[in-house]
Number of protein chains: 2
Amino acid sequence: MVRLEDVARAAGVSKATASRALSRPDLVAVETRERVQRLAAEMGLNLNPAARALFTGRTGALAMIVPSLTNPYFAPILAGAQQELTTGNGHALIAASDGGPGEIELAQSLLGHADGALLIAPRASEDDIRQLASRMPLVVIDRHVRDVPAFVADTPRGVGQLVTHLTELGHRRIGYVGGPDGSSLDRLRIAAAKRRVTAAGGGVDVVGSATPELDTGLRLAAQWPFGSDVTAVMAYSSFIALGLLIGLRERGVDVPGEVSIAAVDHLAAAGGLLTSLRVPLEELGRAAVSALRTAPTAPAARVTKIRAELVEGRSTAVARR
Amino acid sequence: MVRLEDVARAAGVSKATASRALSRPDLVAVETRERVQRLAAEMGLNLNPAARALFTGRTGALAMIVPSLTNPYFAPILAGAQQELTTGNGHALIAASDGGPGEIELAQSLLGHADGALLIAPRASEDDIRQLASRMPLVVIDRHVRDVPAFVADTPRGVGQLVTHLTELGHRRIGYVGGPDGSSLDRLRIAAAKRRVTAAGGGVDVVGSATPELDTGLRLAAQWPFGSDVTAVMAYSSFIALGLLIGLRERGVDVPGEVSIAAVDHLAAAGGLLTSLRVPLEELGRAAVSALRTAPTAPAARVTKIRAELVEGRSTAVARR
DNA sequence: TTGAAAGCGCTAACAG
DNA sequence: CTGTTAGCGCTTTCAA
């Protein structure tokens with residue numbers, strides 16, 4: 001590895017001058033600067049990040065802690081965050097708890113390695129998160145934690161839009177297939193749905209704790225745990241929605257003719273087939289990183305809601321009744 | 001941040017002894033050791049990784065470079081790698097090129113930050129990769145690069161199994177929907193398919209450059225760019241396969257009664273619906289990291305093939321003719 | 001405009 | 001068994 005000293009010697013200057021020529025060019029004579037810079041490039045100088053971090057106290061990295069790397073919901077958030085970070089010459093230290101140590105432990109283990117952290121931890125306690133925030137600049141995602149800045153996908157509001165879409169199509173009794181964790185956000189979504197549909201003179205049949213897989217939808221299509229007057233179903237996962245669509249059609253039920261199906265997330269690969277709710281997750285990731293980089297020491301502790309957008313697909317239609 | 005010196009002072013010993021008490025406990029008197037360790041825990045000591053890296057020359061991190069974070073094929077590889085790394089107290093520096101700088105540039109920017117790198121770069125030149133390998137311990141995935149250790153999903157062999165499965169069901173003329181990049185691995189897959197199906201007295205109709213989305217499958221179902229005697233289609237992506245299944249059924253074609261559908265990848269969320277090819281990608285990621293950690297300076301430059309497994313689903317059946 | 005020197009926090013020789 | 005010392009490679013006062 002070529003060190004600063006090697007370049008300095010080759011250029012016939014001191015380490016100090018070489019260092020300045022690279023990081024504070026304006027403080028160095030033009031010709032010296034150019035000589036150093038040329039030599040640095042030619043010799044393939046690579047400043048040792050550890051040495052720099054030791055002195056400056058900053059690593060240039062941001063930690064991102066997620067429950068799972070394979071969950072298609074988190075991936076776009078990470079992608080957006082990563083992108084924003086790379087743009088600013090930063091690096092992403094990504095850790096997934098995925099059945100291993102919890103998110104809090106992971107974050108702690110990254111304490112000195114990063115300048116801050118972006119945390120997605122649906123199950124961690126608020127106290128733990130707050131304590132973490134006192135040890136390093138922190139931003140949480142999809143959670144509300146007092147005194148900690150947050151970026152939240154506004155799916156409750158989105159579900160409201162979705163319900164309005166359905167009631168406008170004439171649906172009154174609506175099924176809702178909820179998430180596996182019974183998270184507080186899911187409760188907010190259900191509440192929002194009930195509020196809207198009740199206003200339209202209908203009701204919501206809730207089925208909880210479903211795994212986000214096609215098979216879940218197929219099973220639900222077979223069992224039909226909803227009232228017989230349910231003409232539309234919202235599922236929190238596109239895979240469940242797809243399974244419902246396929247399963248109902250297999251049983252001779254016309255989708256969307258007889259039953260409408262919608263997803264509360266958005267699967268890009270599903271294209272225009274499913275009516276769904278798209279949250280600009282890359283943007284969410286970018287915004288979170290941006291907040292962390294702008295105010296590295298202590299980002300303002302407020303909640304930024306990212307609005308969801310209704311994507312009308314071919315899986316919802318006028319209620320036939 | 002609590003430093004080693006703080007703990008040392010509190011324990012009434014030198015920094016050296018404190019350091020040893022933590023990293024080489026056997027070299028320290030029992031009572032001293034315990035005092036230091038207790039204090040370290042109580043005070044929340046957090047050894048500065050930069051200082052340690054500066055001295056040892058090792059960062060404890062591994063870089064993972066992928067084309068995209070949202071591609072469901074890469075995610076399990078990263079997850080497995082991450083897991084293996086976390087188990088050994090390592091950290092993952094993940095970078096995605098995703099339309100930004102190329103994989104090679106990303107790897108270079110991480111040179112001093114990691115002890116080695118795991119590279120997924122389907123489009124980078126072999127020379128660039130080899131040069132990178134000379135600058136840091138490197139393992140490539142799903143590529144063959146002379147003199148660089150590689151871990152490759154053996155999908156060509158898997159496609160052979162898939163074809164055998166189909167010919168045994170009586171299919172002779174088979175459609176193949178290829179990947180978007182026209183990668184060398186895709187060519188190997190097609191070659192393997194042709195070899196097998198020709199041996200059975202049939203043939204393969206290839207359609208190339210498809211986007212891995214449902215809509216692609218729906219479109220193909222409508223256009224049917226294959227010969228009219230094609231009774232089975234293999235798609236490189238489960239989403240395309242799903243689209244085909246849904247699209248064909250919408251047009252009144254029975255799947256799998258009249259046409260069988262199979263995927264060359266495996267989408268866990270699709271459950272038992274699709275006949276597909278499962279490569280243990282987490283394992284692949286784990287193995288790659290393990291190789292990098294075991295021989296950090298220069299892993300043996302050989303190719304490790306990870307075998308694919310045929311998963312029989314409900315989308316393939318006996319050819320009706 | 002440049003150089004000498006100190007020091008970031010840690011670890012490992014080397015003495016004692 | 002423990003302490004003293006030197007130094008990893010960089011940046012930045014402080015003087016010249």
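# Working through a predicted protein–DNA model

Among the 25 residues around DNA strand C, the ones that come nearest are T17(A), A29(A), L4(B), A16(B) and A51(B). Keep in mind that this is a predicted model. Let's work through it in a few exercises.

## Exercise 1: The surface near strand C

Work out which elements supply the surface near DNA strand C, and what classes its residues fall into.

**Step 1.** Start with the elements. Chain A offers α2 and α4, while chain B offers α1 (4-11), α2 and α4, each with at least two residues of this surface.

**Step 2.** Look for the main contributor. That's α4(B), which gives five residues, the largest share.

**Step 3.** Sort by class. You get 13 nonpolar, seven polar and five charged residues near strand C.

## Exercise 2: Now strand D

Find which residues come nearest to DNA strand D and which elements supply the surface there.

**Step 1.** Pick out the nearest residues. Of the 25 around strand D, they are L4(A), A16(A), A51(A), A16(B) and T17(B).

**Step 2.** Place the surface on the helices. From chain A come α1 (4-11), α2 (15-23) and α4, and from chain B come α2 (15-23) and α4 (49-56), each with at least two residues.

**Step 3.** Count the classes. The surface near strand D has 13 nonpolar, seven polar and five charged residues.

## Exercise 3: Two chains, one relation

What turn and shift lay chain A on chain B, and what kind of axis is that?

**Step 1.** Superpose the chains. A turn of 180° with a shift of 0.1 Å along the axis does it, with an RMSD of 0.2 Å.

**Step 2.** Name the relation. Such a turn and shift mean a two-fold axis.

**Step 3.** Check the contact surface. Both copies use the same one, as 100% of the contact residues of chain A recur in chain B.

## Exercise 4: Where the chains touch

Describe the contact between chains A and B, then go into the side that chain A gives.

**Step 1.** Take the totals. There are 42 residues from chain A and 42 residues from chain B.

**Step 2.** List the elements on chain A's side that give two or more residues. They are α4 (49-56), α5 (74-87), β2 (91-96), α10 (214-223) and α11 (238-250).

**Step 3.** Find the largest share. α5(A) takes that spot with seven residues.

**Step 4.** Split chain A's side by class. It comes to 25 nonpolar, 13 polar and four charged residues.

## Exercise 5: Helix pairs in chain B

Decide how α1(B) and α2(B) each lie against α3(B), then do the α10(B)–α11(B) pair.

**Step 1.** Take α1(B) and α3(B), residues 30-43. Their axes come within 9 Å and cross at roughly 125°. That crossing angle makes α1(B) oblique to α3(B). The crossing is right-handed.

**Step 2.** See who touches whom. D6(B), V7(B), A10(B) and A11(B) of α1(B) make the contact with R35(B), V36(B), L39(B), A40(B) and M43(B) of α3(B). That's seven nonpolar, no polar and two charged residues.

**Step 3.** Swap in α2(B). The axes of α2(B) and α3(B) also come within 9 Å, and they cross at roughly 85°. An angle from 65 to 115 degrees counts as roughly perpendicular, so that's how α2(B) and α3(B) lie to each other. Here T17(B), A18(B), A21(B) and L22(B) meet T32(B), R33(B), V36(B), Q37(B) and A40(B).

**Step 4.** Finish with α10(B) and α11(B). Their axes come within 6 Å and cross at roughly 45°, so the two helices are oblique to each other. This crossing is right-handed. The residues in contact include L214(B) and L218(B) from α10(B), and F239(B) and I246(B) from α11(B). By class, the contact has twelve nonpolar, four polar and one charged residues.

## Exercise 6: Backbone oddities

Find the cis peptide bonds before P256(A) and P256(B), and the positive phi at N89(A).

**Step 1.** Recall the usual case. Most peptide bonds are trans, and most residues other than glycine have a negative phi.

**Step 2.** Look at the prolines. V255(A) and P256(A) are joined by a cis bond with omega about 10°, and V255(B) and P256(B) by one with omega about 5°. P256(A) sits in the loop between α11 and β9 (260-263) of chain A, and P256(B) in the loop between α11 and β9 of chain B.

**Step 3.** Turn to N89(A). This residue isn't a glycine, yet its phi is positive, about 60°. You'll find N89(A) in the loop between α5 and β2 of chain A.

Terms used:
Residues numbered from 1 in each chain as written. Chains lettered and ligands numbered in written order. Predicted model: local features only at pLDDT ≥ 70, side-chain atom pairs only at ≥ 80, totals over all residues. Contact = placed C-beta atoms within 7 Å. Helix = DSSP H or I, 4+ residues; strand = E, 2+ residues; numbered from the N terminus. Nonpolar A, V, L, I, M, F, W, Y, C, P; charged D, E, K, R; others polar. Near = placed C-beta within 6 Å. Axes fitted to C-alpha atoms, helices over the stretch in contact; angles between N-to-C directions. Parallel < 35°, antiparallel > 145°, perpendicular 65-115°, else oblique. Left-handed = near helix turned anticlockwise from the far one by under 90°. Least-squares fit on C-alpha atoms with pLDDT ≥ 70 in both.
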